[in-house]
Amino acid sequence: MDATQPVVANKSVYTATQDGLFSLSLRDGTQQWQQDLKPVTYSSIWGYGDILLPPTVADQRLFLPTTNGLVGVDARDGSIVWRDTELQATGTPTVTNSSLFVPADGTLLMIDPSDGSRQWSEQVDATMPALVDGTVVTVGDEVVAMDATTGERRWGRPVSGDTYPVVVDGTVYTGTRDGLIGRSLSDGTEQWRIDRGRFSLPPVVTPDTIYAVEQVPEGSEATFAFTRSDDGSPEPRWCSDVGDGAVWAAADDAVLGFHSGEYDGDVSPGLVMFTAQFGEAAWGYPSEVSPAPPAVLDNAIVSVSGDGVITALGGE
Amino acid sequence: MGNIRPKLGGLFVSLAAVCRVVSELPLSWWPAPSPGDSYVFNPPLFSAIWAERILYPAVGSLAGVLLLIGLSTLFQRDSAEMASWQRSCAIGSLAGIGCIVVSVVTVQLLPAKAVVTGALGALLGLLAAVIATVGLVGWGVGYVLFERYRLGGALAAIPLFEVLKLFRSLLGLDFEYAGGLFTAVIAFVLFTIGYVQWAGNALSSQKPS
């Protein structure tokens, strides 16, 4: 993999390669600046081998885990604002305007994004933490919820998987080898479990639907759409064979995923948009194996291919 | 009562023709979602997926049952006047059609995992189709010999057009409205049988010249 998952903010596309961190114009892809930073590689949870950890962005600040520590960069001109050379991130940081949560070798650190100073650290394994309503949730050896301000552990539950959590409407959604599990954000109690197969990848959750990829041993994978229910287990609405696929993002009326298998319809393997209600393939964009999710905007998609080519689809 | 049964039989055969047409209407005529991209667990009523998964198998099976009942009344009406070989053909065709109906219904009702049982059902259906084909042709030829050309020709035409339709499908000879054309012809043939049965006289009223 030659380029990280693209991140879009401030009318710019940010991505990193072994040659550095780049800012490109969202409109036409022209390079705005380059900073000589080498991003960290880690094993993709989507099973596409080693990939580069992407930058994260909040306001006018970028944060990139590099081989020489975590770096804060001014998004406007690419200048380095701070660098913590002793902090080697092992997962994707999560950032807000006032907090930066960084997974680092069995520890989760909370850092002040303005100057890089460490606020607290806790011994938890994490891939990419989720932050909701003052609670930070991680998944590693267990699902753990912590107070975002103090790092105090609120609850923890064992889990079997190497994914990251998705937190929506007071529920922590976790894809595991034992199924897709919904837990209460407040106390971690299991609310429901879909155990028809392995759901080791993180789901995508909209107000009405949960999208998740079911992995079948020695078989093709399938994207499932489950209708959310206020009182009980989600009900399957549709499923679609996607080969070694993934589901990346969703809106109210559509879901975007990756389809790696053969297809006998009009849609070639690559990025595929399914309608939310019945899983009809609305369109497809042929591409090689996509190792990382695209950035999804209101009416456009910015995607990076396996050979590092960044493509913007749609938009005005 | 003796006159009503054949008429009812004729009505059933005509209804079988209607069911046959309904069960093969183009799926594009139904509202979305259409079969193809994804498996929909609970398709909405009157959608193309609902029609393909629920309506068409049910109506197709009903067509088989109605045809079986209708032809049975025809056999009951005329069997006493048939030559023994024609009677044998008629019994064979009824048995064949009955087995096809049972086979189709069995395959549809079986869970997907019952592959072995399903394969046996399909094999039984294939064997039954051969018996029904030979039987219907023989039964129809018998009527032709009695100068009941429309009834005889229609009975013999059913399996012939079904076989032609099957070969067209197997050979991939697909042209626009091909399936619909064969279905329309088969439905017309069934209507003919139904009408002749409804309006016609028993075989006992006419001897071969």
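**Stop 1: a loop in chain B**

Start by selecting B:P33, which sits in the loop between helix 1 (4-22) and strand 1 of chain B. Keep in mind as you look that this is a predicted model. Now add B:A32 to your selection and look at the link between the two residues. Is the peptide bond from B:A32 to B:P33 cis or trans? That bond is cis, and its omega is near 5°.

**Stop 2: the whole of chain B**

Zoom out and color chain B by secondary structure. How many helices and strands does chain B have? You should find 6 helices and 1 strand. Reading from the N terminus, the order of elements is α-β-α-α-α-α-α. Chain B has 209 residues, and 41% of them count as buried. Try thinking about contacts too: among those in chain B that link residues at least 6 apart in sequence, 70% are between residues at least 24 apart.

**Stop 3: one residue in helix 6**

Next, select helix 6 of chain B, residues 178-199, and find B:T192 within it. Is B:T192 buried or exposed? Its relative accessibility is 18%, so B:T192 counts as buried, since the cut-off for buried is under 20%. Now show what surrounds it. Setting aside neighbours within four places in sequence, B:T192 is in contact with B:R150 and B:A154.

**Stop 4: where the two chains meet**

Show both chains together and look at the place where they touch. Chain A brings 12 residues to this contact, and chain B brings 9 residues. The area buried between the two chains is about 860 Å², and carbon and sulfur atoms give 56% of that. Which residues of chain A lose the most area to chain B? Select A:C239, A:F278 and A:E280: together they make up 52% of what the chain A side buries.

What kinds of interaction cross this interface? The rule finds 0 salt bridges between chain A and chain B, while it does find 6 residue pairs in polar contact. Now highlight strand 26 of chain A, residues 235-243, which gives the most to the chain A side of the contact, with 5 residues. By residue type, the side of chain A that touches chain B divides into 8 nonpolar, 2 polar and 2 charged.

Stay with strand 26 and add strand 1 of chain B, residues 39-40. The two strands run antiparallel and are joined by 2 bridges. Which residue in strand 1 of chain B is the bridge partner of A:C239? Look across and you will meet B:Y39.

**Stop 5: an enclosed strand in chain A**

Move along chain A to strand 13, residues 107-111. Here 5 of the 5 residues are buried, so the strand is largely enclosed by the rest of the structure. Show the side chains and turn the view: A:T107, A:L109 and A:I111 point one way, whereas A:L108 and A:M110 point the other way. This fits a general pattern: in a regular strand the side chains alternate between the two faces of the sheet.

Strand 13 has pairing partners to look for. Begin with strand 12 of chain A, residues 100-104, which runs antiparallel to strand 13 and is joined to it by 5 bridges. In this pair, A:P103 stands opposite A:L108. The two strands form a hairpin with 2 residues between them, and A:D105 in the turn has a positive phi of about 50°.

Then select strand 14 of chain A, residues 118-122, which pairs with strand 13 in the antiparallel sense over 4 bridges. Across this pair, A:M110 stands opposite A:W120 in strand 14. These strands also form a hairpin, with 6 residues between them, and A:G116 in the turn has a positive phi of about 80°.

**Stop 6: two loop residues in chain A**

Finish with A:N10, in the loop between strand 1 (7-9) and strand 2 (12-17) of chain A. Its phi is near 55°, a positive value in a residue other than glycine. A:N10 counts as partly exposed because its relative accessibility is 35%.

Your last selection is A:D169, in the loop between strand 19 (166-168) and strand 20 (171-176) of chain A. A:D169 also has a positive phi, near 50°. Is A:D169 buried or exposed? At 61% relative accessibility, A:D169 counts as exposed.

Terms used. Residues are numbered from 1 along each chain as its sequence is written. Chains are lettered from A and ligands numbered from 1 in the order in which they are written. Side-chain values use heavy atoms; hydrogens and water are left out. Buried means under 20% relative accessible area, exposed over 50%, partly exposed in between (1.4 Å probe, protein chains only). Contact means heavy atoms within 4.5 Å. Buried area is the accessible area (1.4 Å probe) that two parts lose on being put together, summed over both. A salt bridge is a side-chain nitrogen of Lys or Arg within 4 Å of a carboxyl oxygen of Asp or Glu. A polar contact is a pair of N or O atoms within 3.5 Å; within protein, one must be able to donate a hydrogen and the other to accept it, and residues adjacent in sequence count only if both atoms are side-chain atoms. Ala, Val, Leu, Ile, Met, Phe, Trp, Tyr, Cys and Pro count as nonpolar, Asp, Glu, Lys and Arg as charged, and the others, Gly among them, as polar. Two strands pair if DSSP finds at least two bridges between them.
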